[in-house]
Amino acid sequence: MTPSVETSSTEVSSVEVGGETHAAPPVPPAALAELPPLTSAPRRLLKHPLLMHYNRLAALVVLANIGLLAMSWPPNAEAIGYAALLNLALAVVVRQQYVINLFFRLATWAPTSWPLKARWTLGKVYHFGGLHVGGALAGAVWFVAGTLVMTVDGANLPLITVSWVLVALLVVIVITSLPAFRSRFHDHFEKIHRFGGWSALALFWTHTLLSGQGPVALGVLAVVTFSVALPWLRLRKVDVRIEKPSTHVVLARFDYGVTPFAGSSTAISRSPLTEWHSFANVPSPSEPGFRLTISRAGDWTGSFIDDAPPKVWVKGITTAGVANIETLFSKVIYVATGSGIGPCLPHLLAAEVPSRLVWATRDPRRTYGDDLVDEILAVQPNALVWDTSRHGKPDMVRLAYTAYRDFGAEAVICISNKKLTWQVVHGLERRGIPAYGAIWDS
């Protein structure tokens with residue numbers, strides 16, 4: 001079976017390519033492939049959410065620190081201080097945009113001639129946030145230990161006072177970063193992380209100067225400070241042109257002298273000190289500037305759609321996203337739901353890797369407009385577009401696998417909400433199929 005364009009109306013049931021109109025008959029559910037059997041129990045265990053690469057990297061950092069503690073036992077106050085500083089520096093630097101882009105560049109240098117298992121693992125590069133978590137946790141523990149040692153010694157009261165204030169701040173940052181709080185109170189988490197992080201950095205400078213640590217500590221702090229400041233040095237307010245195909249989604253167009261690379265993201269804000277939101281850049285291969293696809297998914301996006309601003313703030317460096325791992329594979333399947341088409345579209349337009357799209361969304365033309373749908377179908381004439389307003393929610397795992405099998409792909413990239421992304425990724429990986437999707441760790 002050849003995947004086709006599943007639609008709800010004659011408006012989307014065909015696509016004109018090269019002057020010819022190609023019909024796109026709907027796909028009957030019975031034509032979907034049966035899923036392959038599960039892999040062996042040990043292999044499935046390694047694909048369990050608790051053992052994903054994100055958690056493995058965090059555990060690796062913690063284990064390395066335990067090894068360091070064992071080798072230096074009993075550690076002195078100076079060693080504890082350096083361990084705390086280096087771990088916290090790791091937590092900050094791995095989140096720096098240039099470092100993230102470097103991670104992706106290094107991981108995707110591997111040619112497609114490498115064994116699939118090796119490329120499968122390299123594709124998990126976007127789990128680098130585990131290094132951030134491991135470094136933050138280990139650094140906080142080391143700093144608490146150092147503060148306890150310093151308090152027992154009792155020689156420097158100002159330093160002890162700064163240390164305990166910093167301990168309290170680190171505890172608040174760590175607790176509010178736990179998934180349960182972060183997912184439920186994300187706006188509060190973001191503000192605490194930002195202002196708490198800045199305050200902690202200032203206190204670390206005070207702590208280092210009071211403790212009389214040498215040039216190494218000052219150099220590390222200088223690197224961390226520059227890493228934190230760099231995105232804000234690129235803060236600017238720019239014009240934005242809003243196109244509103246429906247009350248559910250807008251296309252925000254930017255042209256301020258920047259044309260980001262396909263698969264990158266840009267952070268925008270209407271109030272730069274309080275709230276930032278990142279969206280996938282959608283550059284057109286033959287045009288300057290870029291677009292952002294913004295769908296109604298909360299108070300901020302709803303306000304943005306209803307009260308389209310003429311200008312917004314942007315900052316930082318365009319940063320690679322999960323779909324950049326596509327170049328590790330000879331062919332890929334893109335699975336998207338709703339506005340998840342946004343992060344997929346730049347890769348589909350660039351066509352660096354042969355790909356096929358599976359897109360489930362509500363009434364695509366009414367929601368996203370004829371121009372965008374036509375643009376998608378022009379580069380993906382064999383896409384499977386499932387209209388949920390007519391046919392309900394599909395079995396996305398089976399849709400993805402059917403396209404994967406028939407296209408002869410090596411991997412599946414899913415851009416959707418958290419629940420469905422993990423359903424597709426986990427559902428395929430425990431059947432031996434490389435699959436990738438965002439992990440919502442920010």
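These are my notebook entries on what I looked up in this structure, a predicted model.

**Overall form**

I began with the secondary structure and found 17 helices together with 14 strands in the protein. I then looked up the radius of gyration, which is 24 Å, close to the 22 Å that the globule rule gives for 442 residues, so the protein is as compact as a globular protein of that length. For the extents I took the C-alpha trace along its principal axes, where the spans are about 80 × 55 × 35 Å.

**Burial, contacts and surface**

Next I asked what share of the chain is buried, and the figure is 49% of the 442 residues. I also looked at how contacts are spread along the sequence: among those between residues at least 6 apart, 71% join residues at least 24 apart. The accessible surface comes to about 20800 Å², and carbon and sulfur atoms account for 63% of that area. For charge, I noted 37 positive and 30 negative side chains, with the centres of the two sets lying 7 Å apart.

**Aromatic rings**

I searched the whole structure for aromatic pairs and obtained 15. The pair I followed up is that of Trp300 and Phe304, which is stacked, with 5.3 Å from centre to centre and 25° between the planes. The angle falls under the 30 degrees below which planes count as stacked. Where do Trp300 and Phe304 sit relative to each other in helix H11? Both belong to that helix, which covers residues 299-306, and because they are four residues apart in it, about one helical turn separates them. I checked burial for each partner in turn: Trp300 has 13% relative accessibility and so counts as buried, the cut-off being under 20%, while Phe304 is buried with a relative accessible area of 0%.

Elsewhere in the ring search I noted a cluster, in which ring pairs link Phe195, Trp198, Trp232 and Trp276.

**Leu85**

My last entry concerns Leu85, which lies in helix H3, a helix running over residues 77-93. Is Leu85 buried or exposed? Its relative accessibility is 8%, and Leu85 therefore counts as buried. Which residues is Leu85 in contact with, once its neighbours within four places in sequence are left aside? I found Ala217, Val220 and Leu221. I also looked up the separation between the C-alpha atoms of Leu85 and Ala136, which is 10.0 Å, although these two residues stand 51 residues apart along the chain.

How values were computed. Residues numbered from 1 in each chain as written. Predicted model: local features only at pLDDT ≥ 70, side-chain atom pairs only at ≥ 80, totals over all residues. Heavy atoms only, no water. Helix = DSSP H or I, 4+ residues; strand = E, 2+ residues; numbered from the N terminus. Rg over C-alpha atoms; globule rule 2.2 N^0.38 Å. Buried < 20%, exposed > 50% of the residue type's maximum accessible area, 1.4 Å probe, protein only. Contact = heavy atoms within 4.5 Å. Areas by Shrake-Rupley, 256 points an atom, 1.4 Å probe, with all protein chains shown as cover. Lys, Arg positive; Asp, Glu negative; His and termini not counted. Charge placed at Lys NZ, Arg CZ, Asp CG, Glu CD. Phe/Tyr/Trp six-rings, centres within 6.5 Å; stacked < 30°, edge-to-face > 60°.
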